[in-house]
Structure formats: C-alpha cells, structure tokens
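Reader: I should be grateful for a close look at one charged pair in this protein, and at how it compares with the charged pairs elsewhere. Please then set it within the rest of the chain.

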Amino acid sequence: MSSPSSPTAASSTVAEKSTAAPPHTKVTFPISPVPKNPLGDGAYIRTAAALIIGDEILNGKTLDRNSHHFAQYCFEHGINLKRIEVIADSEEEIIEASRRLVEKYDFVITSGGIGPTHDDITYESLGKAFGQKLVHHEETITRLNEMSKHRSWVGTQNAEQLAATHRMALFPENAEVIFVAEDIWVPVVRLAGKLCIFPGIPALFQKMLHNLTFFLPLPPKSERPLRIQIFTERPESIIAPYLTSLQERLKPHGIQVGSYPVLYKGVFVSLIGRDFQPKDAGKGTAEGNMCLTEIAREVEVEIGGKIASEEEIAAQKSRSASPEIPDMAVQKKENVSAGVESLGPSATGYGEKAKY
C-alpha cells in the first residue's frame with residue numbers, strides 16, 4: 001500500500017479531483033413577460049374552478065391539499081371560487097370536465113398528471129379537449145436540462161428514459177407557456193386564455209400559483225371580501241332562527257352568513273362581504289351598502305358571542321375534538337413516483353420523490 005505522501009497516492013488524489021462532479025451552483029432563468037389580458041382590456045377574473053386530477057386522490061392514497069390552498073388564494077384575491085372537482089386519470093373525464101369548466105368560469109386550474117410516467121396524461125388529454133396536437137417546447141427542455149445537468153443519472157439515460165423526461169415538455173401547440181419563477185424550470189401552461197395547468201406536488205403548486213399572480217387580471221382590491229367570525233358557546237339550534245332572519249336581510253347586500261360548530265365547544269358564525277364604511281351606506285346598490293363591522297357587532301349581542309381574531313380561531317380549532325384538515329405547511333413525505341426529475345431547489349419542500 002502506498003503512503004499518503006508517495007507519488008502514487010498523490011497521482012490518485014489528483015485524478016479523483018479531476019473527475020469529481022463540480023459543486024452545484026444555483027441556476028436561475030428569466031421570467032416570462034406579462035401577456036395580454038386574455039379576458040379583454042379592463043376585464044378581470046370574477047369566477048374560478050379547480051380540476052384536481054389523479055387516481056391517487058380518489059383511492060385515498062394522497063390527501064388533496066391543492067384545492068384547499070386554491071380556495072384560500074381565490075378568497076384573498078376576491079375571486080368567487082364556484083366549483084372544485086376531483087377526477088381520475090381518465091382522458092374522457094379530463095376532456096369533458098375541462099371543456100365544461102372553461103366554458104363557464106373565468107379562471108380554471110388543473111392539478112396533477114404532468115409527470116413522465118404512463119398515467120400522466122393531462123397535457124395530452126387537454127390537447128385533445130381543445131383540438132391541439134402536442135409539440136415539444138424547446139425552452140422548457142433547455143431549462144430542464146440546465147436544472148438537471150449536475151445529477152448523476154443524467155448521463156446514464158437510455159433513449160426511452162430520455163423520451164420520458166422530455167414528455168414533461170410536450171405541450172399543446174397553441175398553448176401559452178408562462179415561466180413564473182426564476183428557479184423553477186416547469187412553466188404554467190395556459191389554454192383558451194383561462195385554463196392553467198399545474199403540477200400536483202403541493203409545495204410546487206403553491207409557489208407557482210402565487211408567482212402566477214403577477215400574470216393574472218385579478219379583481220381590484222375594492223372587490224376583495226372581508227371575513228369576520230363571531231364565536232359563541234350557545235348551541236346552534238338556539239341561534240338558528242336569528243341567523244335565518246339575518247341571512248334573509250343581508251343577502252340582497254351580498255353578505256353571506258355561515259354557521260360552523262366546533263364539537264362540544266360552541267359555534268363560529270361567519271360574515272363574508274365587502275366592508276363598506278358607515279359613510280358609504282346607501283350608495284352603490286339599489287338596496288344600499290351595509291357596514292360589515294357594524295353587522296358583526298349586532299351579531300355579537302344577539303348570539304351572546306365575541307368577534308374572534310385569527311389567532312383565537314386557530315387556537316379554538318386546535319383544541320377541538322372535531323377532525324380538521326391538516327395544515328398545508330405540514331407535508332408528509334411520499335415516494336410515489338420513481339425517477340422524478342428535480343423541478344427546482346427543494347421543489348417538494350422535503351427533497352422526496354412525489355407525484356406530478
């Protein structure tokens with residue numbers, strides 16, 4: 001055996017350094033320019049729908065977090081989310097649902113089914129839905145290659161594996177391809193000016209959705225609703241008559257009244273609407289606007305409750321014995337697809353392999 005100081009050992013060390021993979025440096029890409037408003041000048045998104053695609057959702061293997069996050073996004077931006085559908089990895093179902101939702105709503109998103117495997121058929125199915133053949137998008141392939149070039153498996157791919165990789169850049173030929181983040185190679189693909197195609201990985205879905213905000217004709221801030229919640233320990237049956245009459249009175253003003261019990265604790269009464277100030281009362285509609293905060297104070301008195309802060313609401317729910325959907329920030333590690341390429345630094349939040 002050669003000593004560390006021998007010429008043989010030294011030569012070996014030099015050889016190892018010369019063949020070692022270079023350290024991975026951060027890769028960034030330019031973001032797409034903002035396209036023309038697909039709804040027309042001055043128009044903005046009013047209604048939305050979500051189409052969640054995946055057998056793994058329907059058979060209970062995977063918890064759908066994306067529709068919940070999309071609902072929160074729509075509420076925060078004043079978009080009326082009208083429908084959420086979950087369908088199988090079925091070409092027929094994807095075609096039917098996508099056509100129907102695009103016809104009816106201003107903004108439709110799909111989630112899932114855009115990976116490299118046989119059951120990832122979203123791009124192909126949507127191409128057929130809107131009469132477009134699939135073509136490879138060269139810029140997407142370039143970004144994919146640049147993001148993946150440091151990985152050890154890249155140089156070992158055979159022709160079939162390379163074709164599977166490039167399948168993730170096979171888009172309907174007339175689609176808009178929008179690169180929304182400088183550190184993610186996969187774009188948001190938009191069809192018919194309304195339907196935006198997203199991956200199913202929750203952390204990636206969320207990042208891409210929020211980065212898409214800059215590209216969307218969103219409602220003005222004046223259209224965004226306010227939600228006020230009042231908590232009472234009274235049983236729902238006791239406050240039900242008052243809430244019924246309240247909803248009848250407020251419905252013409254566009255204010256929604258909801259009642260949500262917390263098991264063995266009490267009830268949250270929710271008021272959702274635009275919060276006109278008292279000075280604006282009587283303006284804007286035939287019935288006149290109403291101040292949501294004043295209505296909330298009335299509800300406090302009538303149901304013997306108290307307006308709850310977001311922190312109080314979260315604390316009350318965490319103490320409840322009723323089942324709650326786990327927080328979206330808590331991501332369970334999954335390994336449901338072999339050989340998945342990196343979509344960006346820590347695309348899933350855990351570095352695990354996950355379903356597109």
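Author: In this predicted model, Glu176 has a relative accessibility of 25% and therefore counts as partly exposed. The side chain of Glu176 meets that of Arg190 in a salt bridge, with 2.8 Å from N to O. This pair links distant parts of the chain, since Glu176 belongs to strand S6 (residues 176-178) and Arg190 to strand S7 (residues 188-191), 14 residues apart. The two partners are not equally covered: Arg190 has a relative accessibility of 3%, so it counts as buried, whereas Glu176 is partly exposed. Side chains of opposite charge can pair when their charged atoms come close.

A search of the whole structure finds 12 salt bridges, and two others show a contrasting arrangement within helices. In helix H4 (residues 91-104), Arg100 and Glu96 lie 4 residues apart, about one turn of the helix. Their closest N and O atoms are 2.8 Å apart. Arg100, at 33% relative accessibility, counts as partly exposed, and so does Glu96, at 42%. This pair is also part of a network of salt bridges that links Arg83, Glu85, Glu96 and Arg100.

Helix H5 (residues 122-129) holds the other example. Glu124 and Lys128 are 4 residues apart in H5 and therefore separated by about one helical turn. An α-helix has 3.6 residues a turn, so residues three or four places apart point the same way. In the salt bridge between Glu124 and Lys128, the closest N and O atoms are 3.8 Å apart. Glu124 is partly exposed, with a relative accessible area of 34%, and Lys128 is partly exposed as well, at 42%.

The remainder of H5 has another character. Of its 8 residues, 6 are buried, so the helix is largely enclosed by the rest of the structure. The buried residues are Thr122, Tyr123, Ser125, Leu126, Gly127 and Ala129. Thr122 and Leu126 are among the contacts of Thr110 beyond four places in sequence, as are Leu51, Ile53 and Phe198. Thr110 itself lies in strand S3 (residues 107-111) and counts as buried, because its relative accessibility is 0%. Just after H5, Gly131 takes a positive phi of about 65°.

Phe198, one of those contacts of Thr110, leads on to the interior. The largest nonpolar core has 55 residues, of which Phe70, Phe107, Phe198 and Leu212 touch the most other members. Strand S1 (residues 47-53) gives the most to this core, with 6 residues. Beyond its neighbours up to four places away in sequence, Phe70 touches Ala48, Ala49 and Ala50, and also Leu81, Phe107, Ile109, Phe205 and Leu209. A second, separate core of 18 residues includes Leu246, Val267, Leu271 and Ala296.

A nonpolar group also occurs on the surface: Leu58, Ile84 and Val86 form a patch with about 240 Å² of accessible area together. Ile84 has its place in strand S2 (residues 80-87), and it counts as partly exposed at 41% relative accessibility.

A word on confidence completes the picture. The mean pLDDT of the protein chain is 84, and 79% of the residues reach 70 or more. Over residues 280-287, however, the pLDDT is below 50, and it stays under 50 over residues 321-354. Where pLDDT is low, the predicted coordinates should not be read in detail.

Key. Residues are numbered from 1 along each chain as its sequence is written. This is a predicted model: local features need pLDDT of at least 70, side-chain atom pairs count only at pLDDT 80 or more; totals for chains, interfaces and linings use all residues. Side-chain values use heavy atoms; hydrogens and water are left out. Buried means under 20% relative accessible area, exposed over 50%, partly exposed in between (1.4 Å probe, protein chains only). Helices (H or I, at least four residues) and strands (E, at least two) are DSSP runs, numbered from the N terminus. Patches are made of residues with over 30% relative accessible area and no salt bridge: like charges are joined within 9 Å, nonpolar side chains (Val, Leu, Ile, Met, Phe, Trp, Tyr) within 5 Å. Accessible areas come from the Shrake-Rupley method with a 1.4 Å probe; for residues, only the protein chains shown count as cover. A salt bridge is a side-chain nitrogen of Lys or Arg within 4 Å of a carboxyl oxygen of Asp or Glu. pLDDT is the predictor's confidence in each residue, from 0 to 100. Contact means heavy atoms within 4.5 Å. A nonpolar core is a set of buried Ala, Val, Leu, Ile, Met, Phe, Trp, Tyr and Cys residues joined through side-chain atoms within 4.5 Å.
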